[in-house]
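Below are some notes for a colleague who has the coordinates open, set out as numbered points that can be checked one at a time.

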Amino acid sequence: MARARILAPLALLLALPAAAASPAAGQTATRDPDSGLFSWKKEDRGFSLELIQLYPDFVAALYSSRGLPPAVVDSMKDYCVFGTVAQNQSGGLLSYRVADWRYVTPDGQAHRLKTKPEWVAEWKKLGADFGWSILPADVSFDAGDWAQGFTTVRLPPGARFDLVYSWSHHGKHYTGKLENLACAPAQPPAAH
């Protein structure tokens, strides 16, 4: 069993109220009326995956608050970051590998996601032995168990994409898609 838990800020984001439904089958979209941030969730054949937008300044502040070198904080600036929750609802052992997942940009190109081991190796070179924040890269977990962490997509604020992901359980391999996701805008909306 493998678990990764993000600190309280991510847990607060998980409590976003429902506000919208996506036309994609089985996919829901939720918008927080206060922050303006969206989250998307899909439950499919025993696997639940949710991505939650995070403002770039929030991510930078979170990493800075850990006392990490500025180079580590700067390493995230070319990525949009999502809080991510993966849950096993299959009734048995379930596994996934982030290295198998791809984000697909509107031009149809598929791109690999940067995995936790890749981030940890990069940050180690920058002087930080740190890795708690990124979604576990290769997980097998029991029924009802879950994993949390950040998913990073190398796109600018506001960019749109689909996420094609996969998982395995009961000896079968499955593929799912979260459609029409968007990176958070660069800044929160101005207060009125």
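1. In this predicted model, the side chains of D100 and R97 form a salt bridge in which the closest N and O atoms are 2.8 Å apart. Neither partner is classed as buried: D100 counts as partly exposed at 37% relative accessibility, and R97 is likewise partly exposed, with a relative accessible area of 38%.

2. R97 also forms a salt bridge with D138, and here the closest N and O atoms lie 3.9 Å apart, a value to be read against a criterion that places the nitrogen within 4 Å of the carboxyl oxygen. Because R97 belongs to strand β6 (residues 94-97) and D138 to strand β9 (residues 138-141), this pair ties together parts that are 41 residues apart in sequence. D138 is exposed, its relative accessible area being 55%. Through shared partners, the salt bridges join R97, D100 and D138 into one network.

3. How many salt bridges does the structure hold? The count is 7, and one of them joins the side chains of D78 and R154, with an N to O distance of 3.6 Å. D78 sits in the loop between α3 (70-74) and β5 (80-88), while R154 sits in the loop between β10 (146-153) and β11 (160-169), so this salt bridge ties together parts that are 76 residues apart in sequence. D78 is partly exposed, at a relative accessible area of 39%. As a general matter, side chains of opposite charge can pair when their charged atoms come close.

4. Strand β2 (residues 27-31) and strand β3 (residues 38-44) run antiparallel and are joined by 5 bridges, with Q27 standing opposite K42 in β3. The two strands β2 and β3 form a hairpin that has 6 residues between them, and G36, in the turn, has a positive phi of about 80 degrees.

5. β3 also pairs with strand β4 (residues 47-53), again in the antiparallel sense, over 6 bridges. In this pairing K42 stands opposite L49 in β4, and K42 is also the residue that Q27 faces from the other pairing. The hairpin of β3 and β4 has 2 residues between the strands, and R45 takes a positive phi near 45 degrees there. When checking side-chain directions along these strands, it may help to recall that in a regular strand the side chains alternate between the two faces of the sheet.

6. Which residues of helix α2 (residues 56-64) are buried? They are V59, L62 and Y63, and because they cover an arc of only 95 degrees around the axis, they lie on the same side of α2. The general background is that an α-helix has 3.6 residues a turn, so residues three or four places apart point the same way.

7. D57 lies in helix α2 as well, but D57 counts as partly exposed, at 45% relative accessibility. A polar contact of 3.5 Å joins the side chains of D57 and Q187, a distance to be read against a criterion of within 3.5 Å. The C-alpha atoms of D57 and K77, which are 20 residues apart along the chain, are separated by 9.4 Å.

Technical notes:
Residues numbered from 1 in each chain as written. Predicted model: local features only at pLDDT ≥ 70, side-chain atom pairs only at ≥ 80, totals over all residues. Heavy atoms only, no water. Buried < 20%, exposed > 50% of the residue type's maximum accessible area, 1.4 Å probe, protein only. Helix = DSSP H or I, 4+ residues; strand = E, 2+ residues; numbered from the N terminus. Arc of directions from axis to C-beta. Pairing = 2+ DSSP bridges. Polar contact = N/O pair within 3.5 Å; in protein donor to acceptor, adjacent residues only side chain to side chain.
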